[in-house]
Amino acid sequence: MDWKQLLRWLAGGLLLGLFVSFALGPFIWQLITALKPAGQLAQLPPLLPAPPTAQHFVAVLGAPGFLRVAANSVFVAVTTMLLAFILGVPAAYALAKLQVGGRQVILAALLCFSMFPAIANVAPLYLLFIHLGIRDSVFAVVITHSVFALPFTVWTLTNFFQEIPNDLYRAARIDGCSHGGILRHVVLPLAMPGLVSVGLLVFIFSWNEFLYSFTLTATERSRTLPVAIALFAGLHEIPWGEIAAAAILATIPTVVLVFLFQRRIISGLTAGAVKG
Amino acid sequence: MTDATRERLGRYALLGPAALFVAGVALLPVLFTLWLSLRRQLPIFGVSRFVGFENYRFLLEDGRFWSASAHTGYFVLFSVTLELALGLGIALLLRQRFPGRGVACALVLLPWAVPSVVAARFWEWIFNSDYGVLNYLLGTSVNWLGDPRWALPAAILADVWKTTPFVALLLLAGLQVIPEELYRAARIDGANSLQAFRRITLPLLMPVILLVLLFRTMDAARIFDLIFVLTGGGPANRTETLVVYAYKLLYRTLQFGYGSAVAVTTFLFILALSLAYLRIFRRAWRMREDR
Amino acid sequence: MDLDITNLSKQFKDQMAVQIPSLTIRQGEFFTFVGPSGSGKSTILNLIAGLEQPSTGLLRLGERLLNDLPPHKRDVAFVFQSYALYPHLTVSQNLAFPLELAHIPRETIRHRVQEVSSSLGIATLVDKRPAQLSGGERQRVALGRAIIRHPHLFLFDEPLSNLDAPLRAQMRKELRQLHQRLNTTFIYVTHDQEEALSLSDRIAVMQAGRIQQCDSPRAVYGQPANRFVASFFGSPPMNFFPAELQASPEGTFVQLAGRRLHIGELSPLSPKTMAVTVGIRPEDVRIRRESASEGWPMRISHLELHGGQTYLELSIEGLPLTAVERADAGYRPGEEVRATVGVERLHLFDAQTGARLTLKASGQ
Amino acid sequence: MRHKVSISSLALLLVLLGVTCSQYRAPGPNEPVTLVFKHAKHPRYAALSQLIRQFEAENPAIRVREEILPSSTDEQHQFYVINLAARADDFDVLDMDIIWVPEFARAGWLLPLDPSVTPAELAPLNPAALRADWLGKRLYAVPWFVDAGVLYYRKDLLAKYGLGPPRTYPELLETARTILGKEHGSHLVGFVWQGMQYEGLVCAALEFIRGNGGELLHDGKNPALTEPATLEALAFMNGLIRNYKVTPPLVTTLNEEATRNIFQSGRAVFMRNWPYAWRLLNQPDSPVAGRVGITVVPHFPGHASVPTMGGFHLGVNIQSRHKAEAIALVRFMIRRSAQKEVLLKLGVLSADTGVYRDPEVQQALPFLKDVLPALEQAQPRPVTPYYLMISQIVQPELSAVVAGVRTPERAMRSADQQIRHLLEAQ
């Protein structure tokens, strides 16, 4: 390796190091905050907690209903993902593989709905759920999340499905597959990497979403984590340590998923991103 | 029924459930908001009547609306540009093969896994000019969120932190499909890395760049949570964006009609931008396919 | 069972992709649609398979009307250019797939998979996935997936074009043998004229969605129905020259490159002269050394060696002419030669319509 | 194999759907009425549940379910607006920030309480707070607990230099400058208050303005922003930051908690805040525990202190299906015994002024004697249904003054115009 190349590697490593610390910095700071005793929170220095304390984590985990809310969040995110697939996969398949009239228009219209400011349509949406009688239920949240995840799901999956060679799809029809059979036997297994990434993105979206979840829920029966975190603050008093601890705890599942699937996300999006 | 009609019906049957849900849950509220925006609806004045485009006409003379538009434009321009530049840099670095690449990828992706309300709290804590870690590390005492000159840039920084991973990820995906041979050919033709980047990477990546621009612009133009938590629109309204303004009109002051009009106008701005992108987008694709 | 095609057409937006007034493909026949890309030949296969719906027309297999049947009920098998093997299934799963969908008992399936894979020489590969196979092996698996269903019709869409030359030659032979063994109708689509000639019982030459000629390989090559068909077959391709046809009491003559050739009687020629195109296959050109007195004097501009043969590039009055000679004849570039062509070897086409003009005398 | 997985997950989904749906069932005829009580997450709200159990014990036919809202007033307000505008009937009793009461009442979302709640019941309640509950001749809510701006000071520092708690703003300025001049080297600042662009800024600014005899709005309809008293007060606020450097520029990011954090870490001499901070400042791990004094917010010479009144009020959703029961709960909550619990257990200030004379209370919470004058002098923000609109107009202008990007004259002229436009538009 000559010195020029070495220099390039060093520069690249340095830059990457900078990026990574930019990405990680706020996390680490949040973790430090979560470990600081309450009295030290509004002080700097000391930079590091002395001594570190688990009091905030204990308080969060021990808070009444926190586990129930965490379970709600898991249920909502997983079900949202499933529903987005149940609705989105056939639609994406139809758009990708069957000559559906007005395909461009359908895709554009889908995109349009995701452009509308959420704060404006949350109130009418809420009215709708009152009429349907499913206010303050996880299902109201699930339905909303999956519908607002649909444009992304359909767009990305349509692209994945288009990457599947037409001949395979024709072969399956000759071999006796119905549309459902083609989806099940050919399209889904082949688009698995894409499904994994889309599923993960939808999961994260649902896990993190606040405004709809907040409006559509009223009690711990249906509340999700971001809403619960918003509830940590008192009227004037903001328990920074507990918020930091709750934020760290709430981020862990998505972080674990990102770590588990990062390879899949990248390879999955490759197929989808390219054709737009 | 012939096989052909059955077949055609089958296609729409596949689209049906998705269309039904979208129409019910997404379209209805939008229509309702459109309808509201044509009304003067002020419960505390006891007013509820149809006024046509009166609300939209009033937008023209509402200085606060225009300054919110300007802030939104500023926010979109700088956050999206920065995210694109940073994201591209990260993507180019991560394309190289090196030990620990997977871990680096995952680490860079992390901010994107944080709920945006929580991310805003992170940054509120970091920007605190008294005991925030940013001033501590920089050795400065800048009033990040309280100085009219710094508040919007600070919000942009927080947004860049949160969404650059998404941009980097999509760009990285786009980079991975550019065939390696092209770079080898360029090297043989005597191109240096900068030229290779300009002549090969950029043009071939253009469709993905445009896709990223589209999604990011759509999101950035609707920025709400982050600014609402960080500054609430202040100081001196210098960070008030369109959606923050719409929120205040709708939920703080119950101007349902006018607030809806601001929301609808925001939507129209985004729509116009997206259509412009899509147009460029289609052209870029055609160019690529012709090649 | 014969396949009857009546009045079939397929229109895509503003373009007529296929138009076939009538065609019968007989039971057990190896029938090939050949033509350049975009000539509509693959569309015909899709229409027969039911992957696309015709704009008009009827498809009948024996007594059965195919039009309203979904693809898998038409009793056809399809072999794709890309093989279309399911990448996530093993070879045996690929083979078994259509049978499983037809709810055939598991035992029967296993038996048939075994039988087919051993007959195609892929028995050792059954547990591999397509990605682990070579091109030829994939091709065999694709064939196997078609055979295993015992269909009435085999449809082949350019199945050999992804293979390299030696493998292609071998697969051609195997396909031919397979056809003999199965004694089922094969409908084959290719753009490769050589493949069409060597494999088929009958060939339909397609251009712009229409059949230009439908006949045996010998006839298609020997009596091309028009200039397009003539130019499509043969390697090197047929030479064409503008010429004039002159009718006189002494008979009919062709005025070609300064010479007047008597070609015997020609069926009705109303004007006394007409513009024609003369086609000469390279192998019909006979070359002599300069010492000969007969024929056109020419100069060899270029030689191209093809194994045992040499392609000679010549020119008459500025028009190029290709001839084929044995390689050991020892011609050199720049050499002056004379070329002759047997009158009975000339192909005459109407210069305007391109249709073949038939000589009465050389009729038989 | 694969499709079996997807089918089973679908089945699981359906089962779960069924399970959750089955939770919904209508109450039988003999079951007690269940009231839904929506309230914010107030400090130590667990104590509220005990109070509610007490109510249930007295009224066996009524069950009360608490549904807690985030304490962010924005999120609370948003929630109520969406629900009340939608005529939702699934909650009966709600708690409201004092400034929402006229708004919700005017919008017709609240049930008038005046025939049921008797004058005798209202008599002990803080009269200034109660003023916000009347619209026209009807009573739409009752004060549940109250709040008033107070001035916190560092007892130890003032004592060190032989100074007493300031009564006027010039005194405060002088005291702060004296101490800052002597305590240089430490990161001490003089006076912190809420200067972020939000409702808290209006509360703080109103104390400066009213302490100088100025007003925001006369009679709930005439803007008074351009009057000299108002402008002077705002110029003083700006001067605290830019001329006297007693208030740090970062005040533009401070809300209640941020000011408390600064003060609690021992880095400010004075702080404007609400009484809630007292308990936190005196926690064992607080650096300033035991070194804090509390007094009425200052005024300008020749005028009186007017702390801004805050607090929460209880009302009944007009769509409630159990109006009588809901009113019973509201009346229970303003009863002397309940108000005492509110003060002692919830740690908020009771609306019932009589409670403060209770010896038990005086003994348990001795600091109340310093807070009581503030509660007695406190005035609500302009009582009008349009207050929130006016506040939305005033907030950015006040913020512009505090951030130093506009002069008080320019800012208030602009606010004045917008408010006039708004009030004419009705």
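This report describes a predicted model, beginning with chain A and then turning to the chain contacts and chain C.

## Chain A overall

Chain A contains 12 helices and zero strands. Read from the N terminus, its elements run α-α-α-α-α-α-α-α-α-α-α-α. Along the principal axes, the C-alpha atoms of the chain fill a box of roughly 70 × 70 × 30 Å.

Chain A has 276 residues, of which 59% count as buried. Many of its contacts span long stretches of sequence: taking contacts between residues at least 6 apart, 77% join residues at least 24 apart.

## Helix 3 and helix 9 of chain A

Two packed helices are described by the angle between their axes and the distance between the axes. For helix 3 (residues 66-97) and helix 9 (residues 192-208) of chain A, the angle is about 135° and the axes are 8 Å apart. That angle makes helix 3 of chain A oblique to helix 9 of chain A. The crossing of these two helices of chain A is right-handed.

Which residues of helix 3 of chain A meet helix 9 of chain A? They are A:Ser73, A:Val76, A:Ala77, A:Thr80, A:Met81, A:Ala84 and A:Phe85. On the helix 9 side of the contact are A:Gly199, A:Val202, A:Phe203, A:Ser206 and A:Trp207. By class, the contact of the two helices has eight nonpolar, four polar and no charged residues. An α-helix has 3.6 residues a turn, so residues three or four places apart point the same way.

## A:Phe148

A:Phe148 lies in helix 6 of chain A, which covers residues 138-163. Is A:Phe148 buried or exposed? A:Phe148 is buried, because 25 other C-beta atoms lie within 10 Å and 20 or more are enough for a residue to count as buried.

Leaving aside residues up to four places away in sequence, A:Phe148 touches A:Ser114 and B:Ala26. The first of these partners, A:Ser114, is 34 residues from A:Phe148 along the chain, while the C-alpha atoms of the two are separated by 6.7 Å. The other, B:Ala26, belongs to chain B.

## Contacts between chains

Five pairs of chains are in contact, and chains A and B share the most contacts. Between them, 72 residues of chain B are in contact with 67 residues of chain A. Helix 1 (residues 3-37) of chain B gives the most to the side of chain B that touches chain A, with 16 residues. By class, that side of chain B has 57 nonpolar, 11 polar and four charged residues.

Chains C and D are not joined by any contact, and their closest C-alpha atoms lie 12 Å apart.

## The sheet and helix 1 of chain C

In chain C, four strands form an open sheet in the order 2-1-4-5, with antiparallel pairing. Strand 2 (15-25) and strand 5 (64-65) of chain C are the edge strands, each pairing on one side only. Strand 1 (residues 3-12) and strand 2 of chain C run antiparallel and are joined by nine bridges. C:Asp4 has C:Thr24, in strand 2 of chain C, as its bridge partner.

Helix 1 of chain C packs on the sheet and touches strand 1, strand 2 and strand 4 (56-61) of chain C. The direction of this helix makes about 65° with that of strand 2 of chain C. Helix 1 of chain C, residues 41-49, is mostly covered, with nine of its nine residues buried; among them are C:Lys41, C:Ile44 and C:Leu47. Just after this helix, C:Gly50 takes a positive phi of about 90°.

Key: Residues are numbered from 1 along each chain as its sequence is written. Chains are lettered from A and ligands numbered from 1 in the order in which they are written. This is a predicted model: local features need pLDDT of at least 70, side-chain atom pairs count only at pLDDT 80 or more; totals for chains, interfaces and linings use all residues. A residue is buried if 20 or more other C-beta atoms lie within 10 Å of its own, exposed if 12 or fewer, and partly exposed in between; C-beta atoms are placed from the backbone. Two residues are in contact if their C-beta atoms, placed from the backbone, lie within 7 Å. Ala, Val, Leu, Ile, Met, Phe, Trp, Tyr, Cys and Pro count as nonpolar, Asp, Glu, Lys and Arg as charged, and the others, Gly among them, as polar. Axes are lines fitted to C-alpha atoms, for helices over the stretch in contact, and angles run from 0 to 180 degrees between N-to-C directions. Angles under 35 degrees count as roughly parallel, over 145 as roughly antiparallel, 65 to 115 as roughly perpendicular and the rest as oblique. A crossing is left-handed if the near helix is turned anticlockwise from the far one by less than a right angle, and right-handed if clockwise. Two strands pair if DSSP finds at least two bridges between them.
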